[in-house]
Amino acid sequence: MNLLPFGLAVAALVLTPFSLAQTAPAATPPMGWNSWNHFAGHVTDADVRSAADQLVSTGMRNAGYVYVNLDDTWQGKRDAQGILHPNDRFPDMKALADYVHSRGLKFGLYSSPGAKTCDGYEGSLGHEQQDAQTYAGWGVDFLKYDLCSFQDQMRQAKEQHPDDPRLEFRMMQAAFKKMGDALKATGRPIVYSLCQYGIDDPWKFGPGVQSEMWRTTDDISDSYARMMEIAYAQVGLAKFAGPGHWNDPDMLEVGNGGMKPSEYRVHMSLWALLAAPLLAGNDLSKMTPDDKAILMNRDVIAIDQDALGKQAERVWQQGDFSLWRKPLTGGRYAVGLVNNSWSERDIPLNLAEIGFPSGANVYDVWAGKDLGRWTGPQSLTMPGHTVQLWIFKQ
Ligand code: GAL
């Protein structure tokens with residue numbers, strides 16, 4: 001059988017930014033860029049405009065990265081009416097949002113249900129409806145809502161009501177719901193992204209507070225070990241992901257320099273298998289050819305964005321090896337095998353474990369190459385910290 005058509009079909013499934021815009025928010029995992037991992041608390045209006053420009057000029061936008069998300073530290077002071085204004089680094093938020101939109105992109109912001117954000121800026125506590133209206137007025141398309149100082153409220157409640165161990169969690173959910181309802185009430189489609197580090201299983205209560213995605217863990221860092229730790233923490237969560245509601249293992253670190261290209265390929269492969277939101281967090285003006293090839297591999301993005309919206313299960317973990325399988329449209333499966341050890345190892349692969357006892361047609365995603373038909377037991381040699389990512393089809 002000629003496998004070429006199915007390889008090409010993988011690439012053809014990539015959604016354009018414009019087809020994403022026409023569907024419900026987050027029908028597939030949101031893709032874009034976020035300011036935090038690279039700019040942290042120093043981000044400016046000019047950085048965000050330049051990120052928007054770079055998304056276009058590098059081809060990232062057309063690969064699907066459409067959200068430009070300004071994270072913490074944009075907030076200024078509230079006026080006498082309680083309306084929040086940006087700080088001096090952001091002279092005109094509406095103009096910034098308009099600029100981002102003019103580049104065929106979407107604009108995201110960040111706040112907290114607490115009085116202060118994690119970096120000590122103004123949060124939304126007591127101003128939820130007002131802030132939601134402000135965001136909608138500016139043209140915001142995405143809100144990351146970060147628990148931060150609301151944990152003070154939760155701690156106090158716990159101390160005052162030790163007899164009610166669920167009180168702090170009910171309060172947290174109510175706080176997230178308040179903003180979720182406020183965003184929906186604006187009538188503007190705004191993706192609502194919870195960031196509370198996985199406390200009290202947000203994959204269970206997220207949809208009920210109107211959220212389309214929720215962080216499952218504490219922060220990622222640009223380290224291979226931390227990235228793998230987060231990937232392993234997703235095991236068991238696949239059933240909670242689907243169109244309109246996604247587990248979020250945190251932003252991408254690809255291009256930030258802390259991992260080797262082969263390790264970033266593991267990171268990108270796992271995030272695609274996990275149907276994770278793909279929010280790049282690097283300096284887009286300084287991408288190496290490897291960074292571009294990793295972030296913009298059309299087949300990998302197509303795995304992440306597959307319309308079925310399934311998250312991979314880990315089929316098994318044997319020592320340093322783990323095998324992951326994500327069902328795709330058309331009866332296909334994306335299959336990832338990771339060698340998490342430092343050194344080159346041999347690993348046998350039993351196709352029955354992947355659900356193909358009588359063999360499969362296999363496409364090597366990173367090589368962009370059809371491998372023909374595999375039957376019987378396979379044996380692979382893999383260098384340390386590498387991934388094999390395939391598409392399997394009957
Ligand atoms: C953390 C969050 C990060 C970033 C940061 C900003 O809580 O997990 O992704 O948003 O706050 O202060």
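Let's start with C195, which is buried in this predicted model, its relative accessibility being just 1%. Does C195 have a partner, or is it unpaired? The closest cysteine sulfur belongs to C118, and at 6.6 Å that is too far for a bond. For a disulfide the two sulfur atoms have to lie within 2.5 Å.

C118 does have a partner, though. Its sulfur sits 2.0 Å from that of C148, and these two cysteines form a disulfide. By the distance rule the count comes to 1 disulfide. Which parts of the chain does the C118–C148 pair tie together? C118 is in the loop that runs between β5 (106–111) and α7 (128–138), while C148 is in the loop between β6 (142–146) and α8 (150–160), so the bond links parts 30 residues apart in sequence. As for its geometry, the S-S torsion is about -100°, and the disulfide is therefore left-handed.

The two ends of that bond don't share the same surroundings. C118 has a relative accessible area of 46%, so it's partly exposed. C148, on the other hand, comes in at 7% and counts as buried, because the cut-off for buried is under 20%.

Now step back to the whole protein. You'll find 14 helices and 18 strands in it. How does its radius of gyration fit what a compact globule would have? For 394 residues the expected value is near 21 Å, and the protein has 21 Å, so the two agree. The C-alpha trace spans about 70 × 55 × 35 Å along its principal axes.

What about the inside? Of the 394 residues, 56% are buried. Contacts tell a story about sequence distance, too: among those with a separation of 6 or more, 71% are between residues 24 or more positions apart.

On the outside, the accessible surface is about 15,100 Å², and carbon and sulfur atoms account for 53% of that. The protein carries 36 positive and 45 negative charges, and the mean positions of the two sets are 5 Å apart.

For a closer look at the interior, pick helix α11, residues 224–232. Its buried residues are Y224, R226, M227, M228, I230 and A231. What covers them? Among the elements doing so are the helix α12 (261–273) and two strands, β12 (321–327) and β13 (333–339).

Key. Residues numbered from 1 in each chain as written. Predicted model: local features only at pLDDT ≥ 70, side-chain atom pairs only at ≥ 80, totals over all residues. Heavy atoms only, no water. Helix = DSSP H or I, 4+ residues; strand = E, 2+ residues; numbered from the N terminus. Buried < 20%, exposed > 50% of the residue type's maximum accessible area, 1.4 Å probe, protein only. Rg over C-alpha atoms; globule rule 2.2 N^0.38 Å. Contact = heavy atoms within 4.5 Å. Areas by Shrake-Rupley, 256 points an atom, 1.4 Å probe, with all protein chains shown as cover. Lys, Arg positive; Asp, Glu negative; His and termini not counted. Charge placed at Lys NZ, Arg CZ, Asp CG, Glu CD.
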